[in-house]
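Work through the exercises below with the structure open beside you. Try each task before reading its solution.

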Amino acid sequence: MLAKAGYRTIFLEKGLAEFVESEPDDPDSHDQSQRLRNGRWPEQICGKVNAKLVRFFPALGCGAGGSTLLYAAALERLSPQDFQAVDKDGSAAWPISYNQLEPFYQMAERLLHVSGTQDPLQPDAEVNDPPEMTECDRHFFSSTRSNGMHPYRVHTACKYIKGCGPCGGSICHKSCKQDARRAFIEPALATGRVTLVDQCVVERLNADRNGIKELHCTRNGEAIKVTAKLYVLAAGALSTPLLLLKSRNDHWPNGLANSSDLVGRNLMFHASDFFAVWPRGRTRVSSPGKSIAFRDFYVHRGVKLGVIQSTGLAATAGNALHFLKSLIDRKGINWLKPFKPLMRVPAGIGVFLYGKATIFASIIEDRPYPDNRVKPHPDEPDTIYFEYTIHDELRERVQRFRDLYRSAFKRHRMMLLGSDISLNYGHACGTCRFGYDRSTAVLDSNNRAHDVPNLYVVDGSFFPTSGGANPSLTIAANALRVGAYMATELNALSQLA
Ligand SMILES: Cc1cc2nc3c(=O)[nH]c(=O)nc-3n(C[C@H](O)[C@H](O)[C@H](O)COP(=O)(O)OP(=O)(O)OC[C@H]3O[C@@H](n4cnc5c(N)ncnc54)[C@H](O)[C@@H]3O)c2cc1C
C-alpha cells in the first residue's frame with residue numbers, strides 16, 4: 001500500500017529472502033540454518049502451560065512471507081458477530097466494524113487469489129471458482145449436508161496447479177499457494193521503492209517520550225541502526241510484544257508503548273481438534289482434498305465456538321507419526337521424548353487397525369485473559385517465553401463443540417486424535433490489542449500505538465478477540481486498511497511541510 005502510494009519502505013526480516021526447492025525439509029530438525037532454509041523459526045520457544053514447562057520448535061514461519069510460508073492457506077473471514085463486544089466492560093471490543101473491514105477483506109481475497117464457494121450462512125466473500133471436488137470430498141459434502149449442516153468449499157489461497165498437493169506445512173515452490181511473499185512482498189519490491197534486508201534481527205526499538213528514534217538490529221553478527229519516519233512492527237504476536245518489552249529504558253520503564261500494562265497480555269491461540277472420519281461404503285479416500293468447511297456451530301445458543309474444515313490429509317502412518325511427535329513436544333511429555341523415534345510403531349498400528357480416514361480440524365475461539373501472556377524469559381532474554389492457563393470455560397466449550405460436530409458426522413466412524421485441549425500455537429494473537437481506550441488497549445483503531453505516535457503494529461497482535469476462524473485473511477485485510485490510512489496521513493503531512 002505504502003510503496004504503491006510512492007513511499008520508500010524497508011523490510012527488515014530475521015529469516016531468508018529466497019528459498020530453494022532442493023533443500024530437504026524436516027520440521028523436527030535442530031539445525032538452525034537448515035530450519036531457516038526451510039522458512040522455519042530457528043529457535044525453540046519456551047512456555048508454561050497450566051504451570052507445566054514446555055519447550056519446543058513452534059509452528060512459526062521465519063523468512064520473507066512469515067508464517068504464511070508454512071500456512072495451510074485456508075483464508076476465512078471472521079464473522080460480523082466477532083466485531084461486537086464480548087465482555088461486560090467492553091474492553092475486548094473491536095474498535096472497527098465488520099463493514100469497515102469488508103472492502104479490505106475483498107481486496108485481500110483478490111490479491112491472494114482466494115477460491116472456494118460462498119458460505120451459505122455468510123455469503124459475502126470474493127472467491128474464484130474452486131476445482132472439482134475429489135470423490136471422497138463429494139461424499140463428505142453430501143453426508144454433512146444430509147445431517148443438516150451448510151457445507152461450502154473452504155476458502156483457500158491456492159491456484160491449484162496440477163500435480164501440487166494440498167497446500168500447507170511447508171514452502172510451496174510451484175507458485176501454487178499464495179502467501180504473503182507472493183501476494184504482497186514481491187509486488188511491493190517490483191515498484192522499485194522497497195528494499196528487503198534479510199537475515200536482519202531487530203533487537204530493540206530505541207525511543208524517547210516523543211517516539212521511536214532508531215531501530216537496533218544485527219545482521220550476520222554486525223550491529224546496524226535503521227531510522228525512518230514511521231515504524232511498523234509485524235513480527236508476529238509472540239515476537240512483537242517481546243521486542244516492545246525488551247525495549248524498555250528510562251523513558252519507558254515498563255516496556256515501550258506499555259502505559260496500559262497490556263503489552264504481551266491477552267495472548268490467545270485457538271484450540272483445535274484433529275479428528276479422523278471414515279467414509280461410508282465404497283468411497284475411496286486415496287486423495288482427500290482440502291475442500292470442505294462449515295460454520296453451523298460458529299455461535300451456538302449464544303456461545304462462540306468456531307469452524308470445522310477438512311485438512312486435505314488422509315490418516316496415513318506418516319501423518320499420524322508427525323501428529324504423535326509434535327504432541328509429545330507441545331505437551332512437554334518429557335518421559336516420552338526418548339521414545340520419539342519409536343512412534344512409527346503406534347502410528348503404523350493405528351492406521352493398520354483403523355484403515356485410511358480423512359482428517360478434519362476444528363478451530364475454536366480462544367478468549368482473552370490478562371494472565372495469559374508473553375513476557376521476558378527470566379534467564380534467556382532473546383527466547384520467546386509465554387505463560388498460558390487453559391481455563392475451564394475453554395474446556396467446556398471444546399467439549400460442547402465435540403458433541404456438536406459428532407452430530408455432523410453421525411453414522412460415520414470417527415476418532416479424535418488426542419483427547420485433551422490442543423492449543424494451535426501457529427494462531428497466536430491478541431498481545432497488543434487495539435481499542436479506543438488507551439487504558440484498555442495498546443493500539444488505537446488505526447493500529448497506531450496509543451503511546452508512541454510513529455509506531456504501528458499490524459501483525460496478529462492487534463486482535464481483541466480471536467474469533468472462531470483462521471486469522472491470516474483478517475491480518476492481511478487489516479494491514480491493507482492500516483496501509484491506506486498511513487498513506488493518507490503521510491500525504492497530509494507532506495502537504496503541511
Ligand atoms: C503450519 C501452519 C499452518 C497455518 N495455517 C493457516 C491457515 O490455513 N489459515 C490461516 O489463516 N492461518 C494459518 N496459520 C497461521 C498464520 O500463518 C499466522 O496467523 C499468520 O501468518 C501470522 O501473521 P503475523 O503477521 O502475525 O506473523 P508472521 O506471519 O509469523 O510474521 C512474522 C515475521 O516477523 C519476522 N520476525 C520476527 N521477529 C523478528 C525480529 N526480531 N526481527 C526481524 N524479523 C522478525 C519473522 O521471521 C516473520 O517473518 C498457519 C500457521 C502455521 C505455522
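The exercises cover the ligand site, one helix, the cysteines, backbone angles and some single residues.

This is a predicted model: local features need pLDDT of at least 70, side-chain atom pairs count only at pLDDT 80 or more, and totals for chains, interfaces and linings use all residues. Residues are numbered from 1 along each chain as its sequence is written, and side-chain values use heavy atoms, with hydrogens and water left out.

**Exercise 1. The ligand shell**

Find which residues come nearest to the ligand, and sort the shell by residue class.

Step 1. Apply the cut-off: a residue is near a molecule if one of its heavy atoms lies within 4 Å of it. There are 32 residues around the ligand. Glu13, Ser67, Ala74, Gly460 and Ser472 come nearest.

Step 2. Sort by class. Ala, Val, Leu, Ile, Met, Phe, Trp, Tyr, Cys and Pro count as nonpolar; Asp, Glu, Lys and Arg count as charged; the others, Gly among them, count as polar. The shell then holds 17 nonpolar, 12 polar and three charged residues.

Step 3. Map the shell onto secondary structure. Helices (H or I, at least four residues) and strands (E, at least two) are DSSP runs, numbered from the N terminus. β8 (200-208), α5 (239-246) and α9 (472-496) each give at least two shell residues. The largest share, three residues, comes from β8.

**Exercise 2. Polar partners of the ligand**

Which atoms of Glu13, Gly63 and Val202 lie close to ligand oxygen or nitrogen, and how much of the ligand is covered?

Step 1. Use the polar contact cut-off: a pair of N or O atoms within 3.5 Å. Within protein, one atom must be able to donate a hydrogen and the other to accept it, and residues adjacent in sequence count only if both atoms are side-chain atoms.

Step 2. Take the ligand oxygens. A side-chain N or O atom of Glu13 is 2.6 Å from one oxygen atom. For Gly63, a backbone N or O atom lies 3.1 Å from a ligand oxygen.

Step 3. Take nitrogen. A polar backbone atom of Val202 is 2.9 Å from a nitrogen atom of the ligand.

Step 4. Check the cover. On its own, the ligand has 1,000 Å² of accessible area, and the protein covers 88% of that. Areas come from the Shrake-Rupley method with a 1.4 Å probe.

**Exercise 3. Helix α8**

Compare the span of α8 with its expected span, and list its buried residues.

Step 1. The expected span is 1.5 Å times one less than the number of residues. α8 (residues 392-408) has 17 residues, with 24 Å expected.

Step 2. From first C-alpha to last, α8 reaches 25 Å, close to the expected value.

Step 3. Buried means under 20% relative accessible area, exposed over 50%, and partly exposed in between (1.4 Å probe, protein chains only). In α8, the residues Glu393, Leu394, Arg397, Val398, Phe401, Arg402, Leu404, Tyr405 and Ala408 are buried.

**Exercise 4. Cysteines**

How many disulfides does a search of the whole structure find?

Step 1. Require a pair of cysteine sulfur atoms within 2.5 Å. The search returns zero disulfides.

Step 2. Look at accessibility. Cys136 counts as buried because its relative accessibility is 1%. Cys432, at 0%, is buried too.

**Exercise 5. Positive phi**

Locate Gln199 and Asn220, and decide whether each is buried, partly exposed or exposed.

Step 1. Most residues other than glycine have a negative phi. Gln199 has a positive phi of about 50 degrees. Phi of Asn220 is also positive, near 50 degrees.

Step 2. Place them. Gln199 sits in the loop between β7 (194-197) and β8. Asn220 sits in the loop between β9 (211-219) and β10 (222-226).

Step 3. Classify them. Gln199 is partly exposed because its relative accessibility is 32%. Asn220, at 57%, is exposed.

**Exercise 6. Loop side chains**

What does the side chain of Thr68 pair with, and what does that of Asn446 contact?

Step 1. Thr68 is in the loop between β3 (52-56) and α2 (98-111). Thr68 is buried because its relative accessible area is 15%. A polar atom of its side chain lies 2.9 Å from the backbone nitrogen of Ala180.

Step 2. Asn446 is in the loop between β20 (414-417) and β21 (455-457). Asn446 is buried, at 19%. Its side chain makes a polar contact with the side chain of Arg481 (3.5 Å).
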